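Please open the structure in your viewer and keep the sequence panel visible. The tour proceeds by selections, each followed by an account of what is found there.

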Amino acid sequence: MPTAPPPVIRVSHLGKRYGAHAVVQDVSFALAAGETLVLLGPSGCGKTTLLKMLNRLVEPDSGTVEINNGNVLAQRPETLRRGIGYVIQQVGLLPHYTVAENVAVVPRLLGHAPAAIRARTAALLTRLHLPPERYAGQYPHQLSGGQQQRVGLARALAADPPIVLLDEPFGALDPLTRASIRREFRELDELRRKTVVLVTHDVTEAFELADRILLLDAGRVQQLGTPRELLFRPANDFVRRFFAAERLALQLRTLTLGDVFSVEKFAAEQDKETAGAPAASVALGSTVFNAQTTVHEALESLTGAEPSPSPRCTVAELMAAFGAALQREEDAWKR
């Protein structure tokens, strides 16, 4: 049986104090290649300090950080950071550099060929909906907040680092821009190949973007697991209370149509109108959905679409199936 590859990031018993105040206490986790870990918790819980210890912007007082089996303390900090993408809330673009020059900073430091840098910059700006013919020559003050954040992300990805760290990257944006960029972030192929650690205080953002969530309080890990595990299998009262106010919204974003409908329901929909659709698909209203579509996504589509003259499933039926699925989850947890 093949052995699993070693983790890209391994944190062991990490700790940091400022005077008598313990900011991070005995934190450990391992992160596989291509995984997205979200550091979540209330203000002052130590999540940003923990993130900064990964690239040595903050030095730990105890414990170790290993990247690709090598202790980060064995590398010069500047060498380490050039191999790790880093995005912050304030973006930190150089005001006297154009957009293209900002994106090119790290590849230039690494000695990449000028032609390769230009091609990479143009490709990233295009993927992030900043056409280079319009934006490459502009300066940061000429951009909106959302556009500046996209440039910051392009800069972090420019040298194609295998690891990307993001500290509240969407926190300074208005809600509509924030939701739009979050969708772009989630769908960006460039990031699907990266190992990502992201700090946020936004619970919805964490559930949308994370493969796993590390929930902190007062510098200690309260639970590490998938969004589904934290929501339906809380480790303690703090975890339960932390998600209580948004529980229904998170349940809608966590459960999929595959969870709420039976296999038979999906199979029954494979008729002439859904021919050619994936095997695990179902028609709701006039739309065919994949089994991995969340209930929230399906509701958004159903309530915004033209009503079907002969709907396979109404919103009311979807919500009834959702309620039954929640009961199954609760029953399974009690066992």
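How many bridges join strand E7 to strand E8, and do the two strands run parallel or antiparallel? Select residues 163-167 for E7 and residues 195-200 for E8: five bridges join these strands, which run parallel. Helices (H or I, at least four residues) and strands (E, at least two) are DSSP runs, numbered from the N terminus. Two strands pair if DSSP finds at least two bridges between them. Within this pair, Ile 163 stands opposite Thr 195 in E8.

Before going on, please note that this is a predicted model: local features need pLDDT of at least 70, side-chain atom pairs count only at pLDDT 80 or more, and totals for chains, interfaces and linings use all residues. Residues are numbered from 1 along each chain as its sequence is written, and side-chain values use heavy atoms, with hydrogens and water left out.

**The six-stranded sheet**

Now display the whole sheet: six strands form an open sheet with mixed pairing, in the order E6-E7-E8-E3-E9-E10. At its edges are strand E6 (84-88) and strand E10 (220-225), each pairing on one side only. On average, neighbouring strands of this sheet are turned by 15 degrees against each other, direction ignored. Next, select helix H7 (residues 145-157), which packs on the sheet and touches E6 and E7. The direction of H7 makes about 165 degrees with that of E6. Axes are lines fitted to C-alpha atoms, for helices over the stretch in contact, and angles run from 0 to 180 degrees between N-to-C directions. Contact means heavy atoms within 4.5 Å.

**Helix H12 and its aromatic rings**

Select residues 237-244, helix H12, which lies across strand E3 (36-40), strand E9 (212-217) and E10, at about 105 degrees to E9. Which residues of H12 are buried? They are Phe 238, Val 239 and Phe 243, where buried means under 20% relative accessible area, exposed over 50% and partly exposed in between (1.4 Å probe, protein chains only). Looking down the axis of H12, one finds its buried residues within an arc of 120 degrees, so they line one face of the helix. The arc is that of the directions from the helix axis to the C-beta atoms.

Show the rings of Phe 207 and Phe 243, an edge-to-face aromatic pair with 5.4 Å centre to centre and 75 degrees between the planes. Rings of Phe, Tyr and Trp (its six-membered ring) pair if their centres lie within 6.5 Å; planes under 30 degrees apart count as stacked, over 60 as edge-to-face and the rest as tilted. Phe 207 lies in helix H10 and Phe 243 in H12, so the pair ties together parts that are 36 residues apart in sequence. Add Phe 238 and Phe 242 to the selection: with Phe 207 and Phe 243 they form one aromatic cluster.

**The four-stranded sheet**

Finally, turn to an open sheet of four strands with antiparallel pairing, in the order E2-E1-E4-E5. Strand E2 (21-31) and strand E5 (70-71) stand at the edges, each with a single partner strand, so one side of each is left without a neighbour in the sheet. Select Glu 66 to find its bridge partner in E5, Asn 71. Helix H1 (residues 47-54) lies across strand E1 (9-18), E2 and E4, running at about 125 degrees to E1. The last selection is Thr 49, found in H1. Thr 49 counts as buried because its relative accessibility is 15%.
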